[in-house]
There are 4 protein chains.
Amino acid sequence: MKLPVIILNCKTYGQVEGEGALKMARICQEVHDETGISIAICPPSIELSKVASEVAIPVLAQNVDTWDGSVKTGTVSLSAVKAAGATGLLINHSECRRLLADIEALITGAKELGLDTIVCSNNVAVSKASAAMGPDMVAMEPPELIGGDISVTSSDPDIVRSTVEEVSKISPDVKVLTGAGVKTREDVSKALELGTHGVLLASGVIKAKDQKAVLLSLAEGLLKK
Amino acid sequence: MKLPVIILNCKTYGQVEGEGALKMARICQEVHDETGISIAICPPSIELSKVASEVAIPVLAQNVDTWDGSVKTGTVSLSAVKAAGATGLLINHSECRRLLADIEALITGAKELGLDTIVCSNNVAVSKASAAMGPDMVAMEPPELIGGDISVTSSDPDIVRSTVEEVSKISPDVKVLTGAGVKTREDVSKALELGTHGVLLASGVIKAKDQKAVLLSLAEGLLKK
Amino acid sequence: MKLPVIILNCKTYGQVEGEGALKMARICQEVHDETGISIAICPPSIELSKVASEVAIPVLAQNVDTWDGSVKTGTVSLSAVKAAGATGLLINHSECRRLLADIEALITGAKELGLDTIVCSNNVAVSKASAAMGPDMVAMEPPELIGGDISVTSSDPDIVRSTVEEVSKISPDVKVLTGAGVKTREDVSKALELGTHGVLLASGVIKAKDQKAVLLSLAEGLLKK
Amino acid sequence: MKLPVIILNCKTYGQVEGEGALKMARICQEVHDETGISIAICPPSIELSKVASEVAIPVLAQNVDTWDGSVKTGTVSLSAVKAAGATGLLINHSECRRLLADIEALITGAKELGLDTIVCSNNVAVSKASAAMGPDMVAMEPPELIGGDISVTSSDPDIVRSTVEEVSKISPDVKVLTGAGVKTREDVSKALELGTHGVLLASGVIKAKDQKAVLLSLAEGLLKK
């Protein structure tokens, strides 16, 4: 994934059910095509293959199960995600916490398949632990700010700075993303100023009346850098 | 769903990763078109929307999460499944066991959305409990026979008979399906003779060299009735 | 367990940490000795063996894990609970929901060991499903009333009546208990009038200033019957 | 906890059900009293309080739940464990895997209560991640060797050496324990030679005909150092 990046998590919003997921992905594609900035989308699981077939921007799974290769029902495996055309995955989102051993297994398995991994984290200690397992990125998202109107870059810039500093001590190869409450172009440019390589966001775009206008504005925040 | 029915669970087989899911669904469609028998398919989660967009036969989710309406990541909701074009769902497959309260909530929620529900069960007592919650169907699958070469109709016809009898006492509206080890046209016709309304199967078709030939043969077992 | 019964669930209240659990159990023993009514106590897991060694009234586990006999860490098994002197267990409390298949396995396993089983349920459909698996009792507890000040016997007597009626249709051997919001002697006598065989309660006793006085008063509600 | 230490995990062995747990703890106490070596015991959950009341050696929980302070049923909390007299806890045993965020919350919460924390790990990457969250100890246990007859110190000394080295880079304050397959005095002395501060074991002692003799022999391995 080209950095810096805007990663859009579709979550379970009604706006991305059915045809909505593909529509949202096409808007991301347009903004990428018009501005050149790097945008990735995480569609709902059941829309993953359809979306990945229809757009060229990176498509990431919201969650992947660990899988021992035995036959399972209802399991989303790394290999199926890869075969569907996804290029990476979120791991351990605040709304989808995962076992420590499974996070490590997913990072290792994804690496073998060439899939990008973004581990979400709720505080500096968990960010360090995540970085120690060698994912591509760690997304710092204080849970109390997720889905809210105040960006972590305004309310708690120090937690972002500490994360960047501590993660780079554990492993300089692991990049940090800013999540939680990101809504405006200022939030995005502040995220880059704090040393992170992009943002992970959801409601700010998905629930906007004019989703494309918001994405274009966020893109400017990324370009200013 | 028209009864009797053959329900094909794609599980996590390599054959149904990526393009394989849609290919498998198209074979089911062809067999339905050629024979008139009722066939439904349960694609891998991430292929659900794509498959449902491309075929006319019933498409069922392998698993759906309970969802309280709050924003979630990695969650598959009933409404998203409905919006994607699915017409029903498996619940509580042996490889994906569910909480009792969640099974009831899914059955109730699915009914409101007009989605068909098939609750999988491992023994007679669990079949009775499942029936008491009013799903459309209960699929009886002794776990030790799942994925094997011996059909429950041969190895343990009494468990199927007991299930039919006990389920009808609890609620005559709930139909029973036969699962576990179903592989041949004889297994299918035996399943109907035992009073069940169809079969739930996976490996017998998915892993076959000539999937269409096997499905056509199973269809004959259904037609003989 | 002699019926009717008052079952006291200690939950995680601070009052029953450390020495508090044994103290609470001794109060139950005294009230039993003084009034002759049947009282059972569910201490916190880690206090189970100590409490069961020190009192003669029935001691029940708040929760037991399903266990396949392989070596596990952190698992509470039926056989260990039995060996510790407990005489039964709660299953599927609203704050500790369980898999359908595990509930059935626990009921069956407990029966073999001579342990009493009480399955908690959140609505009539789940009560029916629970009864179909043959536990000794089903405790009806609408989750929204648990821990509150209004008894289900006042706010929703019909749900209790329906549960009694539907459970007896499924199996006349399964007794019903009333839970959720039970606090006064009137709540207890109303619970018996509605056809249930006792109450399952927690906060009403545990958080009382004078726990023994409250228990004695509840005992009167049971005796009036 | 005084280091080096032998930590005995009782797991779910039949030998430690009922009175067996206390008997085992008393043997540990005797060996401690006779040799002066540091021994800690992890009894089954339901025996925790009873064992902690009766012996003076450190008693650790096999597992503790994360707990937000709201009322729960079947939950084992840090404060209840502390109140029962335990002095620490295992976290994330291979047979009881935990969420990354919960591991961090348990380490932080235990520190506030003065409880010792030992995080179990299955490989070097997970050991590093665990160390990054600041527990007192990390116990390295390759899952395939747990419960077996070959000690990790013989079959894979390099994984132990790497763990010691990598953990000390992350945090020199975090000590490493050797687990999996430890059975003899040689295994124990080898564990110390490799730079770890003790052993975590179960079957080697619990299943021994003469448990005390085995413990005394292991103690010699610790003393030789």
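Visitor: What makes chain B and chain C partners in contact?
Guide: Contact means heavy atoms within 4.5 Å, and on that criterion 18 residues of chain B are in contact with 18 residues of chain C. This is a predicted model, in which local features need pLDDT of at least 70 and side-chain atom pairs count only at pLDDT 80 or more, whereas totals for chains, interfaces and linings use all residues. Side-chain values use heavy atoms, with hydrogens and water left out; residues are numbered from 1 along each chain as its sequence is written, while chains are lettered from A and ligands numbered from 1 in the order in which they are written.

Visitor: How much area do chain B and chain C bury between them, and on which atoms?
Guide: Buried area is the accessible area (1.4 Å probe) that two parts lose on being put together, summed over both. For chain B and chain C the value is about 1,500 Å², with 74% of it on carbon and sulfur atoms.

Visitor: How many salt bridges does the rule find across the interface of chain B and chain C, and how many residue pairs are in polar contact?
Guide: A salt bridge requires a side-chain nitrogen of Lys or Arg within 4 Å of a carboxyl oxygen of Asp or Glu, and the rule finds 0 across this interface of chain B and chain C. A polar contact is a pair of N or O atoms within 3.5 Å; within protein, one must be able to donate a hydrogen and the other to accept it, and residues adjacent in sequence count only if both atoms are side-chain atoms. Between chain B and chain C, 4 residue pairs (both at pLDDT 80 or more) satisfy the polar criterion.

Visitor: Which elements give two or more residues to the side of chain B that touches chain C?
Guide: They are helix H4 (100-113) and helix H5 (124-131) of chain B; helices (H or I, at least four residues) and strands (E, at least two) are DSSP runs, numbered from the N terminus. H5(B) provides the largest share of that side, 5 residues. By class, this side of chain B has 10 nonpolar, 4 polar and 4 charged residues, where Ala, Val, Leu, Ile, Met, Phe, Trp, Tyr, Cys and Pro count as nonpolar, Asp, Glu, Lys and Arg as charged, and the others, Gly among them, as polar.

Visitor: How do you know how chain B and chain C are related?
Guide: Copies are superposed by least squares on the C-alpha atoms of residues with pLDDT of at least 70 in both. A turn of 180 degrees and a shift of 0.0 Å along the axis lay chain B on chain C with an RMSD of 0.0 Å. The two copies are thus related as by a two-fold rotation axis. The same surface serves both, since 100% of the contact residues of chain B recur in chain C.

Visitor: What is found between chain A and chain B?
Guide: Here 32 residues of chain A are in contact with 32 residues of chain B. Chain A and chain B bury about 2,800 Å², 58% of it on carbon and sulfur atoms. A:Thr12, A:Ile46 and A:Thr73 lose the most area to chain B within chain A, together 29% of what that side buries. Across the interface of chain A and chain B there are 0 salt bridges by the rule, but 20 residue pairs in polar contact (both at pLDDT 80 or more). Helix H2 (48-54) and helix H3 (78-83) of chain A each supply at least two residues of the side that touches chain B. That side of chain A has 11 nonpolar, 15 polar and 6 charged residues.

Visitor: Why can it be said that chain A and chain B meet through the same surface?
Guide: 100% of the interface residues of chain A are also interface residues in chain B, so the statement holds.

Visitor: How far apart are the closest C-alpha atoms of chain A and chain C, which no contact joins?
Guide: They lie 16 Å apart. Chain B and chain D do not touch either, their nearest C-alpha atoms being 16 Å apart.

Visitor: Why are strand S2 (38-42) and strand S3 (60-61) of chain B placed at the edges of the sheet?
Guide: Two strands pair if DSSP finds at least two bridges between them. In chain B, 8 strands form an open sheet with parallel pairing, in the order S2-S1-S8-S7-S6-S5-S4-S3. S2(B) and S3(B) each have a single partner strand, so one side of each is left without a neighbour in the sheet. Strand S1 (residues 5-9) of chain B pairs with S2(B) over 5 bridges in the parallel sense, and B:Val5 stands opposite B:Ser38 in S2(B).

Visitor: What makes A:Glu19 and A:Lys50 a salt bridge?
Guide: Their closest N and O atoms are 3.4 Å apart, and the pair accordingly counts as a salt bridge. A:Glu19 lies in helix H1 (residues 19-35) of chain A and A:Lys50 in helix H2 of chain A, so the pair ties together parts that are 31 residues apart in sequence. Over all chains, the structure holds 36 salt bridges.
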